[in-house]
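Here are a few notes to read alongside the model. Have it open and follow along point by point.

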Amino acid sequence: MALYEYRCAGCGIFEVARAMGSAPSSHPCARCGSDARRSFSIPHVNRAPTPLRKALDRAEKSRDEPAVVTRVPPQRDRQPGRQDPRRKHLPTP
């Protein structure tokens, strides 16, 4: 079984489980009964590594609910002893 996503103009997105390849281009909405068009989305990534899954979740959430910033984040203190030694050959501004 595969999950197919449909978008109702009045109610929004809902999913329908069907045999793979048997999903019609429209399906009646479960709430209001109007025809909902099939929408194509990315496949569900269930077995992705944890950092990738968290990054995808953050990106998905920020699409609809962007984070509100009320102030500029503080700058981190740079410790001169911890700089990368390869940087000493680069020109300084």
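1. A quick definition before we start: a residue is called buried when its relative accessible area is under 20%, exposed when it is over 50%, and partly exposed in between. Keep in mind, too, that you're looking at a predicted model.

2. Try those words on Glu60. With a relative accessible area of 42%, Glu60 counts as partly exposed. Arg63 comes out at 57%, so it is exposed.

3. Those two belong together. The side chains of Arg63 and Glu60 form a salt bridge, with N and O 2.8 Å apart. Both sit in helix 1, which covers residues 50-64, and they are 3 residues apart, about one turn of the helix. How many salt bridges does the count come to? Just 1.

4. Now look at Glu5, in strand 1. Glu5 is buried but has no salt bridge. The nearest side chain of opposite charge belongs to Arg7, and that is 5.0 Å away. A salt bridge needs the nitrogen and the carboxyl oxygen within 4 Å, so that distance doesn't qualify.

5. What does Glu5 touch, leaving out residues up to four places away in sequence? The contacts are Ile13, Phe14, Glu15, Arg37, Arg38, Ser39 and Ser41.

6. Last, the largest nonpolar core. It has 9 residues: Ala2, Tyr4, Tyr6, Cys8, Phe14, Val16, Ala23, Cys29 and Ala36. Strand 1 (2-8) and strand 2 (12-18) each give at least two of them, and the largest share, 4 residues, comes from strand 1. As background, nonpolar side chains tend to be buried together in soluble globular proteins.

Methods:
Residues numbered from 1 in each chain as written. Predicted model: local features only at pLDDT ≥ 70, side-chain atom pairs only at ≥ 80, totals over all residues. Heavy atoms only, no water. Core = buried A, V, L, I, M, F, W, Y, C linked by side-chain atoms within 4.5 Å. Buried < 20%, exposed > 50% of the residue type's maximum accessible area, 1.4 Å probe, protein only. Helix = DSSP H or I, 4+ residues; strand = E, 2+ residues; numbered from the N terminus. Lys, Arg positive; Asp, Glu negative; His and termini not counted. Contact = heavy atoms within 4.5 Å.
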